[in-house]
Amino acid sequence: MRPFAAPAADRATAPDPSGVVLPRHVAIIMDGNGRWAKKRLLPRVAGHRQGVEAVRRVARAARTLGIEVLTLYAFSSENWRRPEEEVSDLMGLLRLFIRSDLDELIRDNVRLRVIGDYRRFSPDLVRLIDDAVARTAVNSGPILVIALNYGAQAEIASVARRLAEQARDGMLDPASINEAMFEHELETRDLPPLDLLIRTSGEVRLSNFLLWQAAYAELLFVDTLWPEFDADTFADAIATFGQRQRRFGGL
């Protein structure tokens, strides 16, 4: 069994050299690509292409600021409901991003991680993802986590099934199951606790993203459409986080 980490409330965020408190782990629901394109009378794929540019800007800004982990909601388990052409475009952009940006991630000592059931993707894309993760695994710098075919409810249900199977097989006393045990079956188990979750485009919901992990995260909803999100907008979000008073249920 994996060793348990300290509960999220016991872990501190990291101050930068100026004394500003930085979140260790930031997650973003990247919303608004379609609306950005619609406002410009462009096809939705044009919005997704600009969204990829925003990914590059924000990932670089996170590294510059010293954020340890950046998790991006790239493709949800519900996104399969979109038109087949749009799904195909998204898969193509993912391929392009990996092929064009992998060398930069390696050069910048970034570890690439993927959460979600991405093995539902086409075999060639799965191989591409696996290769990118493997090639960055030795890096010791910041972590870029991409959520692909991810759904938080499915993640939680999967953990519940595994623990139930262990209890059924006599490997686990059901009375011993606690929050720490559950957390260490999640896909994010070896990452710092989620400190800040940002959603762009003015929508105010979590959309089945990191529901367990967001229990004590600071939530920030901004009106900016994702293709317009840049390093300055990201820095403003980090500054807003630094002004929050985090009590984790205490006084």
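A search of the whole structure finds 20 salt bridges. Keep in mind that this is a predicted model. I will go through three pairs and one network.

Start with E104 and R63. These two form a salt bridge, and their closest N and O atoms are 2.9 Å apart. The pair connects distant parts of the chain: E104 sits in helix 3, residues 84-107, while R63 belongs to helix 2, residues 44-65, and the two are 41 residues apart. Is E104 buried or exposed? Its relative accessibility is 15%, so E104 counts as buried, because the limit for buried is under 20%.

Next, E86 and R82. Their side chains meet in a salt bridge, with 3.1 Å from N to O. The two partners fall into separate accessibility classes. E86 has 8% relative accessibility and therefore counts as buried. R82, at 29%, counts as partly exposed.

The third pair is R119 with D130. Here the side chains meet in a salt bridge at 3.0 Å, N to O. This pair also links distant parts of the chain. R119 lies in the loop between strand 5 (111-115) and helix 4 (123-136), and D130 lies in helix 4, with their positions 11 residues apart in numbering terms, that is, 11 residues apart. D130 counts as partly exposed because its relative accessibility is 26%.

Last, the network. Which residues are linked in a network of salt bridges? They are D31, R35, R199, E203 and R205.

As general background, side chains of opposite charge can pair when their charged atoms come close. That is the end of my list.

Key: Residues numbered from 1 in each chain as written. Predicted model: local features only at pLDDT ≥ 70, side-chain atom pairs only at ≥ 80, totals over all residues. Heavy atoms only, no water. Salt bridge = Lys/Arg side-chain N within 4 Å of Asp/Glu carboxyl O. Helix = DSSP H or I, 4+ residues; strand = E, 2+ residues; numbered from the N terminus. Buried < 20%, exposed > 50% of the residue type's maximum accessible area, 1.4 Å probe, protein only.
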